[in-house]
Amino acid sequence: MKLNLRTAVPILLLVLLALVPIYATFAQQPFFLTLFGRIVVFAIAAVSLDLILGYGGMVSFGHALYLGLGAYVVGIMGFHGIDNGFVHLGATLLLCAIVGAITGLLSLRTTGIAFIMITLAFAQMFYFLAVSLKQYGGDDGLPVSAGSRFGSVTLDDPAVLYYVAFAVLCLCVWGGRRLVEARFGMVIRGARQNDRRMRALGYPTLRYKLVAYIISAMVCGVAGMLYANLTHFVSPAYMAWTASGELIVMVVLGGLGSFFGPLLGSTAMLLIEEWLKGMTEHWMIIFGPLIVVAVLVSRRGLYGLLGDLQVRLSRRTRAVEGKA
């Protein structure tokens with residue numbers, strides 16, 4: 001049986017992520033739950049972005065808007081004493097769907113640089129709106145007094161929050177793959193290759209892309225909701241353009257058009273970032289060139305690099321068998 005690195009490595013990573021709370025308990029290192037909880041949450045957000053960026057070719061430079069909206073739903077409702085997790089989740093999905101539908105309908109009528117700038121403009125509009133909400137902390141942010149409560153289960157418990165986020169990540173990866181392999185995903189990928197031809201074949205590509213954009217916004221909103229519970233804090237910085245840029249880097253670093261790619265990208269990026277921060281306060285000077293080198297080594301990202309290694313391994317195996 002041949003080893004498939006593109007399947008084995010991501011599955012191994014998921015298994016290791018599932019074991020993090022157990023290791024953190026035995027090693028008495030609660031920091032690991034926070035670090036890897038952040039990785040899992042950002043992996044969810046990156047997977048949501050990959051749906052429209054990797055498969056739909058829609059370069060959204062304002063996707064962190066929905067991360068911030070999900071976080072602010074938890075923060076503002078908690079400020080008013082509402083800790084019901086089902087209400088938080090419903091409000092997050094509804095708000096992100098509405099905002100995604102409005103902004104997407106306007107943005108998707110453009111392409112290329114125009115689309116990038118419009119999504120960025122919408123994100124900055126909401127960023128400055130959050131800054132202006134002085135009642136909810138304004139630029140200083142807002143502490144989250146109580147985590148989301150789902151009946152007897154509360155996300156105040158770091159281990160519970162981690163496993164909930166991990167379950168959501170697995171669901172997003174599985175559901176995303178099913179979605180892109182269905183007719184809906186084929187239309188999205190076809191529109192990326194040649195939108196005019198797909199419209200000539202009778203497919204309303206704008207409608208398909210809008211639905212994909214809304215789904216992506218809602219999933220990213222759920223990531224924001226989990227992030228607010230993780231940090232116990234919400235801030236306008238969650239929806240800043242720099243946060244959107246980080247999500248794009250995670251997707252590109254991991255590999256476009258592969259739902260395992262964003263998982264690899266977010267894990268690699270955040271772990272390297274944490275490692276460099278422990279070495280020097282000027283870690284960004286080192287981190288930037290590392291990202292450039294990684295992209296130059298494999299333009300298809302880490303997931304593509306696994307594919308390249310798989311091809312080399314197969315060639316070497318065939319060469320050894322041929323000599324034998």
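**Exercise 1. The cavity lining**

Task: Find which residues line the largest cavity of this predicted model, and which helices supply them.

Solution.
- Start with the lining. Gly 62, Leu 65, Tyr 66, Thr 103, Ser 107, Thr 119, Phe 122 and Tyr 213 line the largest cavity.
- Next, sort by element. Helix 4, helix 5 and helix 6 each give at least two residues to this lining.
- Then take the volume. The largest cavity holds about 30 Å³ of space.
- Finish with the count. There is 1 cavity of 30 Å³ or more.

**Exercise 2. One lining residue**

Task: Place Thr 119 in its helix, decide whether Thr 119 is buried or exposed, and list what is in contact with Thr 119.

Solution.
- Thr 119 sits in helix 6.
- Its relative accessibility is 3%. The cut-off for buried is under 20%, so Thr 119 counts as buried.
- Look for a polar partner. A polar atom of the Thr 119 side chain lies 2.8 Å from the backbone oxygen of Ile 116.
- Now set aside neighbours within four places in sequence. Thr 119 is then in contact with Val 59, Ser 60, Phe 61, Gly 62, Ser 107 and Tyr 213.
- Link back to the cavity. Gly 62, Ser 107 and Tyr 213 are among the residues of its lining.

**Exercise 3. Two helix spans**

Task: Check helix 5 and helix 6 against the span expected at 1.5 Å a residue.

Solution.
- Helix 5 covers residues 85-107, which is 23 residues. The expected span is 33 Å. From first C-alpha to last, helix 5 reaches 31 Å, close to that value.
- Helix 6 has 21 residues, so its span should be 30 Å. Its end C-alpha atoms are 31 Å apart, which agrees.
- Now examine the N-terminal end of helix 5. Asn 84 caps this end. A side-chain oxygen of Asn 84 lies 2.9 Å from the backbone nitrogen of Phe 86.

**Exercise 4. Buried faces**

Task: List the buried residues of helix 5 and helix 6, then name what packs on them.

Solution.
- In helix 5, the buried residues are Gly 85, His 88, Thr 92, Cys 96, Ala 97, Val 99, Gly 100, Thr 103, Gly 104 and Ser 107.
- These pack against helix 4 (64-79), helix 6 (112-132), strand 2 (149-150) and helix 9 (205-231).
- In helix 6, the buried set includes Phe 115, Ile 116, Leu 120, Phe 122, Gln 124 and Tyr 127.
- Their cover includes helix 4, helix 5, helix 9 and helix 10 (241-254).

**Exercise 5. Core and pocket**

Task: Describe the largest nonpolar core, then the largest pocket.

Solution.
- The largest nonpolar core has 90 residues. Tyr 66, Leu 169, Leu 226, Val 234 and Leu 263 have the most contacts inside it.
- Helix 3 (residues 31-53) gives the most to this core, 16 residues.
- Take Leu 226 as a probe case. Beyond four places in sequence, Leu 226 is in contact with Val 41, Ile 44, Leu 155, Leu 161, Val 164, Ala 165 and Val 168.
- Turn to the pocket. The largest pocket holds about 320 Å³ of space. Of its 17 lining residues, Val 168, Leu 171, Cys 172, Ile 215 and Val 219 are the closest to its centre.
- Helix 3, helix 5, helix 7 (158-181) and helix 9 each supply at least two lining residues. Helix 7 has the largest share, 6 residues.

**Exercise 6. A long-range pair**

Task: How far apart are Val 47 and Leu 256, in sequence and in space?

Solution.
- Val 47 lies in helix 3. Its relative accessible area is 4%, so Val 47 is buried.
- Val 47 and Leu 256 are 209 residues apart in sequence. Their C-alpha atoms are 9.9 Å apart.
- Outside four places in sequence, Val 47 touches Leu 169, Cys 172, Val 173, Phe 259 and Pro 262.

**Exercise 7. Positive phi**

Task: Locate Gln 28 and His 232, and classify each by accessibility.

Solution.
- Recall the background. Most residues other than glycine have a negative phi.
- Gln 28 has a positive phi of about 55° and is not a glycine. Gln 28 is in the loop between helix 2 (20-27) and helix 3. At 67% relative accessibility, Gln 28 counts as exposed.
- His 232 has a positive phi near 55°. His 232 lies in the loop between helix 9 and strand 4. Its relative accessible area is 34%, so His 232 is partly exposed.

Definitions and conventions
Residues numbered from 1 in each chain as written. Predicted model: local features only at pLDDT ≥ 70, side-chain atom pairs only at ≥ 80, totals over all residues. Heavy atoms only, no water. Helix = DSSP H or I, 4+ residues; strand = E, 2+ residues; numbered from the N terminus. Expected span 1.5 Å × (residues − 1). Buried < 20%, exposed > 50% of the residue type's maximum accessible area, 1.4 Å probe, protein only. Contact = heavy atoms within 4.5 Å. Polar contact = N/O pair within 3.5 Å; in protein donor to acceptor, adjacent residues only side chain to side chain. Core = buried A, V, L, I, M, F, W, Y, C linked by side-chain atoms within 4.5 Å. 1 Å grid on protein atoms, 1.4 Å probe; cavity = no way out; pocket = protein on both sides within 12 Å on 5 of 7 lines; lining within 4 Å. Points joined across faces, edges and corners; volume = space filled by probe spheres on them.
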